[in-house]
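Please look over the sequence and the model shown here, keeping in mind that the model is predicted. The paragraphs after it take up the contact between two chains and then some details of the backbone.

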Amino acid sequence: MRTVLALATKDLRAEARGKQVAPVMVVFAMCLVFLLTFALPPGALRAPVPEPRAGTLAAREIAGLLLWTSIFFAGVIGFGRSATVDREGSAADGLLLAPVDPAALYTGKMIGNLAFLTVAELLAIPLFVLFANIPPRSLLPGLIPVVLVASLGLAAVGTLFGAATQHAEARSLMLPLLTFPLALPVILGASRLTSTLLIKGEFGSEGRWFILLTVFDVIFLTLGAVTFEFVIEE
Amino acid sequence: MILLQDVSRRFGTVWALRNVCLAVEEGTTVGLLGPNGSGKSTLLRVAAGLLRPTSGTVAIAGSAPRERKSRIGYLGHEPFLYRYLSAAENLRFYADLYRVDRTLIAGMLDRVELTHKGTALVRTFSRGETQRLGLARALLHDPDFLLLDEPFSGLDEAGSNRLPELIARPGRTVVLSTHDRSRAEEVAHRIVHLTGGRLEPAAGHPGPSEGRPV
């Protein structure tokens, strides 16, 4: 636990000084949310749920996808930058040399990335609610568990592949290419849950997506913990 | 003892090390000399467990380097430091990873004459200061086996003169690479020469015993 805390604290402290990860994620997420919500018909998401007006259903169906695609791409940028911090000065080699359980290395790094992603979400989601004219009380309480479980999945995949692509020549290209197909279940699940909230005001039978998201989290957290040592090795 | 037996390492089509055999007795210091690209850094990285050999075996105190991590100190070309953390924060981080008492950090900063820079961010350090802090990181957990790749690099005359005293400790086994033969002779009990990835004893120094590694 001391190791996990040391790693997560190190990343957060370095970020507080260097501001190399979170601001990039936040600005990118906000720009995407801004652009995508303006692609929706004006007022399409404004009608009170659970009884949407005619013609707003399609907008609500895709609104979740717009939000989570924005969060995913903001996350990918941040995960790449976060891994670069360990590459500079070959600090990742310092981690490899230390007598530390690779699972702890992965967990510490993942917690740091999760914190950066959360900061981006804390700004992007209210902005989404604002620009899309969604009544906050109809969406935000239900969205909290979706954000928790989906963010964990994105951070789990992003941390693993952020580290894996650090030795690649075209790492900034490789990271989204590798991460996007793998993160699709998270993006789809979180999008479905968010859209369902917007349409019905509750999850109903779509709540089963939580099972998929949880299973995804468990699989990738385990995979990351087991393979991280080999992944960061040159 | 540090023991490399028939170690080879290939990067793509290039062999960086070829059938290297090296035995470093406990408590001794070996100087590794060789021109650029001769494989010195690769040898030290393989010995530290940062690179896996393509063939052959490495043993530190009878086990693979990865099983002896807490007893190995390594300083490479890069310092393994975080630029946006201060000197003391970097050492605190590594103290936590190696489960070393944090109260030792002040003393270590003093040993490398960086007490006055304890709260300064590493990104503001000069090359020599970064090297000294990297050395402090490598020594923080008081390793029994020390692997130093060009440790004199970036150090001024005074810093270079203090280095032998910093790394010396009874029972500590050291392998250090350098271009500076006089520095190597000053520190090392034995000098070996690496050329084109092959190891040979340097002229005028103890050579290999019959049938044993260099």
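What follows goes from the interface to two loops.

The two chains meet at an interface in which 20 residues of chain A are in contact with 22 residues of chain B. On the side of chain A that touches chain B, helix 1 (2–18) and helix 4 (91–97) of chain A each supply at least two residues, and the largest share, 8 residues, comes from helix 1 of chain A. By character, the residues of this side of chain A divide into 8 nonpolar, 5 polar and 7 charged.

The backbone of chain B deserves a separate look. Most residues other than glycine have a negative phi. Against that background, Arg99(B), which is not a glycine, has a positive phi, near 55 degrees. Arg99(B) belongs to the loop that lies between helix 2 (87–97) and helix 3 (104–111) of chain B. Because 13 other C-beta atoms lie within 10 Å, Arg99(B) is partly exposed, given that a residue counts as exposed at 12 or fewer such atoms and as buried at 20 or more.

Further along chain B, the loop between helix 3 and helix 4 (127–139) contains Glu113(B). The phi of Glu113(B) is also positive, about 55 degrees, although Glu113(B) is not a glycine. Is Glu113(B) buried, exposed or partly exposed? With 14 other C-beta atoms within 10 Å, Glu113(B) is partly exposed.

Conventions
Residues are numbered from 1 along each chain as its sequence is written. Chains are lettered from A and ligands numbered from 1 in the order in which they are written. This is a predicted model: local features need pLDDT of at least 70, side-chain atom pairs count only at pLDDT 80 or more; totals for chains, interfaces and linings use all residues. Helices (H or I, at least four residues) and strands (E, at least two) are DSSP runs, numbered from the N terminus. Two residues are in contact if their C-beta atoms, placed from the backbone, lie within 7 Å. Ala, Val, Leu, Ile, Met, Phe, Trp, Tyr, Cys and Pro count as nonpolar, Asp, Glu, Lys and Arg as charged, and the others, Gly among them, as polar.
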